[in-house]
Structure formats: C-alpha cells, structure tokens
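Good morning, everyone, and thank you for making the time. Please have a look at the structure on the screen before I begin.

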Amino acid sequence: MDHGNTLNSIPNQRKRNICLVGSGGVGTIASLVLEKSGRAEVTSVLRSKFAVIKERGWDIESVDHGWLRGWRPTRVVSSIVDAVVPNEPFDFIVITTKQLPEAYSVAELVKPAVSPGHTSIVLIQNGLDIEVPIIAAFPNNTVISGISMIGSRVNGENCIIHDGPDELVIGTHFHDGMDRALQHQKTCEFVDLYAAGTVGPGTISGKCTFTEDMLVARWQKLLWNSTFNTLCTLLKMDVGELQSSGGRETLLIPAMWEVYAIAKAVGHAPAKEMIHHYAYRSSNDCRYRPSMLLDLENNRPMELEVLLGTPLRKAKENSVSTPILSTVYELLKAEKWRIDHEKAANILDTQNFS
Ligand SMILES: CC(C)(CO)C(=O)C(=O)O
C-alpha cells in the first residue's frame with residue numbers, strides 16, 4: 001500500500017475496539033473481515049436480528065471467505081447504549097446502515113458510542129454529502145469515508161449470501177476540526193486493518209484500497225448508484241435486463257453522462273472511462289438487483305435523496321442540465337408517494353376493522 005503510513009508494528013499493539021452499526025449484507029462481511037485481521041475486536045449492534053444471531057450466529061456463504069456456520073463477532077448487542085463499556089472507548093465506529101436523512105439522523109443514532117476526540121467514524125454507505133452532518137455533530141473526530149462494491153445480502157433469518165467480491169475504497173473526508181496529518185494517520189490505520197483481513201488463511205479474495213481523493217471516488221460510485229439503482233428500481237429490472245432491454249444505450253449511459261457533468265461542475269469529476277467500464281462490466285445475464293430495487297421489493301425505504309436528490313440539487317446550483325435524471329427522480333418520488341399512501345390506507349383499514 002502506498003499511502004505512506006502503515007502499521008507494521010500493530011501485532012504488538014492492543015487490538016482495536018470497533019463498534020459496527022448496521023449488520024446487513026455489507027456490514028456483516030465488514031465485521032468478519034475486521035475480526036479476521038486479528039487486530040480488532042468487533043461489537044456488532046443488531047436490532048431485529050439480535051436474538052437469532054446471539055443464539056445461532058451467522059451462516060455465511062461467501063465468495064471471499066468460503067462457508068462459515070454460526071459465525072459471530074466478539075460481541076453482539078441489541079442497542080448502541082449496550083455497546084458502550086465504561087473506560088473502553090471505541091477506536092472506530094463503522095456505520096453500514098442505510099442513509100435515510102428524511103427518516104433518522106445517523107449522527108444522533110451513533111452518538112452514545114462516539115468518544116469526542118477519539119473515535120474515528122467510518123461511513124461505508126452510499127450517497128453524497130453523507131459526511132456533512134457527522135462532521136457537524138463530531139467536529140473533533142476523524143471522519144473516514146468508504147465506498148463499497150460488493151454483492152452481499154441477508155437471506156432468511158441468519159444467512160448472508162455474499163456473491164460479489166468485496167472491493168472497498170477508503171479515504172479521509174478531511175475537515176478543519178482536527179490536525180490533517182492525524183486524520184490521515186487514522187484513515188491509514190483503518191485501511192491497513194481492513195486490508196489485513198482480506199488476505200491470509202481461509203481468504204479467497206476481497207480488497208481494501210486507499211484513495212487520496214475521496215470526493216472523486218464518491219462521484220465515481222454515483223455513476224453507478226444514481227443510474228443503475230434508480231433505473232432498475234423504476235423499471236423493476238435487474239442489471240442484466242436493463243442492459244439487454246436497450247435501456248443501457250438510451251437511458252443508462254446518457255444518465256451516467258449527466259452524473260459526470262454534475263461532478264465536473266463541482267470540481268470532482270471521475271475518469272470518463274469509468275462510464276464505459278460501469279456500463280459494460282456486468283454481463284447481460286447478470287441477475288444482480290441493486291440495493292434500491294431490493295428495498296422497494298422488501299417494503300423498505302429507498303435511499304433516493306442521497307443517491308439522486310442531493311446530486312440533482314448540486315446540478316441546479318451549477319446550471320447543469322439533467323433531463324433524464326430529473327425525470328427519473330420525479331417518477332421515483334411519485335412511486336414513493338404511492339407506497340406511503342398505500343401504507344397509510346392499510347393502517348386506516350386495520351384500525352377500522354379492529
Ligand atoms: C454497486 C453496489 C452493488 C455495491 O454494493 C451498490 O452500491 C448497490 O446495489 O447499491
């Protein structure tokens with residue numbers, strides 16, 4: 001790794017105390033990798049799955065780690081408050097929840113587990129500007145930003161199907177509340193730790209890389225998330241179907257160019273070649289269903305604002321024309337309205353008959 005800060009001496013150091021919030025497909029694999037590094041002890045905060053995971057652990061079928069039965073991190077707890085042990089501050093808190101700013105504040109959620117000036121906050125989540133409220137709430141803590149390309153989902157009660165390798169890109173989201181060199185050092189430490197868990201016995205693949213320019217990396221990931229996620233959700237198609245339908249040429253690629261134009265206008269343009277790369281990296285028989293489509297199908301809220309709403313607000317501020325993305329956004333907002341409306345009607349129905 002060439003980020004200029006490695007922790008070669010870490011085997012002699014104490015294990016890092018890590019809290020992981022959001023043990024779904026992405027989070028559970030992250031907790032497994034961190035534990036496999038041998039350098040960390042992970043406390044995983046689970047809510048609805050607490051009882052089952054405490055009793056049976058996770059059954060994991062992983063392209064990167066093989067088959068594991070009944071796997072658990074060092075500690076499993078049912079709330080953030082229960083995660084906290086006096087005088088044992090967390091070195092890192094890794095957040096892999098959905099980003100739904102209109103529903104809840106991530107900063108408020110994790111507050112009890114963050115020690116001011118000590119805990120580094122690692123956001124492995126999709127979306128734009130997700131770091132802003134974290135920095136406002138914790139101005140003296142390092143904020144580490146991560147984008148993940150992984151195929152991993154929860155199946156049934158306690159099973160994780162991990163069928164697309166873990167490719168994690170990590171960088172500092174620098175802010176003025178702390179010494180820059182210290183923010184960089186904490187980020188390097190986390191990258192080294194995670195990378196150590198992607199090699200060694202029982203590990204087939206997976207990688208964690210460091211980036212100097214996290215903002216470009218985030219916009220690069222939006223080339224995928226603002227387009228594949230939203231179009232597949234709107235059309236109820238998996239990745240292969242969207243590509244085969246002709247939509248790749250007429251909708252997907254033009255929409256990616258719109259994302260690129262916004263990124264360029266705000267000064268964080270990724271390499272143009274990434275558009276072709278993302279549009280053609282999956283085969284047409286790829287049955288992958290982007291996370292937003294899975295959310296819709298499973299009656300969960302969609303990450304529409306951080307994936308599309310925020311980039312479109314930046315487009316407006318910078319007079320960038322986005323005909324496809326703006327239409328897709330309005331259609332998905334209408335879809336969201338329909339779902340909310342139906343839910344409200346169902347609640348009323350139940351109340352009338354009870
Ligand atoms: C690119 C991918 C598949 C990585 O997990 C994703 O971000 C999503 O489906 O939302």
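I will go through the two domains, the contact between them, and then a pocket and a cavity.

Let me say at the outset that this is a predicted model, and the values I quote are computed from it. The protein chain is divided into domain 1, residues 14-212, and domain 2, residues 216-345, and the C-alpha centres of these two domains lie 25 Å apart. The contact between them draws on 23 residues from domain 1 and on 22 residues from domain 2.

How should one describe the interface itself? The size of an interface is often given as the accessible area lost when the parts come together. Here domain 1 and domain 2 bury about 1,800 Å² between them, and 59% of that area is on carbon and sulfur atoms. On the domain 1 side, the residues that lose the most area to domain 2 are N126, L128 and M149, which together account for 37% of what that side buries. The rule also finds three salt bridges across the interface of domain 1 and domain 2. As for individual pairs, the side chains of K314 and D129 meet in a salt bridge, with a distance of 2.9 Å from N to O.

Now to the second largest pocket, which has a volume of about 280 Å³. It is lined by 15 residues, and those closest to its centre are I147, M149, V169, Q220 and Y278. Where does this pocket lie with respect to the two domains? Both domain 1 and domain 2 give residues to its lining, so the second largest pocket lies between them. Looking at secondary structure, the elements that give two or more residues to this lining are β8 (143-155), β9 (159-172), β10 (207-210), α7 (214-235) and α10 (273-280). By class, the lining of the second largest pocket is made up of seven nonpolar, four polar and four charged residues. I would point out that M149 appears among the residues closest to the pocket centre and also among the domain 1 residues that lose the most area to domain 2.

Finally, the cavities: the count comes to one cavity of 30 Å³ or more, and the largest cavity has a volume of about 40 Å³. Its lining consists of V26, A30, I124, S148, I150, D166, L168 and Y194, with α1 (25-36), β8 and β9 as the elements that give two or more residues. By class, that lining has six nonpolar residues, one polar and one charged.

Methods
Residues are numbered from 1 along each chain as its sequence is written. This is a predicted model: local features need pLDDT of at least 70, side-chain atom pairs count only at pLDDT 80 or more; totals for chains, interfaces and linings use all residues. Side-chain values use heavy atoms; hydrogens and water are left out. On a 1 Å grid over the protein atoms alone, a cavity is a set of points where a 1.4 Å probe fits but cannot get out, and a pocket is an open set with protein on both sides within 12 Å along at least five of seven lines; lining residues have an atom within 4 Å of a point. Grid points are joined across faces, edges and corners, and a volume is the space filled by probe spheres set on the points. Helices (H or I, at least four residues) and strands (E, at least two) are DSSP runs, numbered from the N terminus. Ala, Val, Leu, Ile, Met, Phe, Trp, Tyr, Cys and Pro count as nonpolar, Asp, Glu, Lys and Arg as charged, and the others, Gly among them, as polar. Domain bounds come from an automatic or database domain assignment. Contact means heavy atoms within 4.5 Å. Buried area is the accessible area (1.4 Å probe) that two parts lose on being put together, summed over both. A salt bridge is a side-chain nitrogen of Lys or Arg within 4 Å of a carboxyl oxygen of Asp or Glu.
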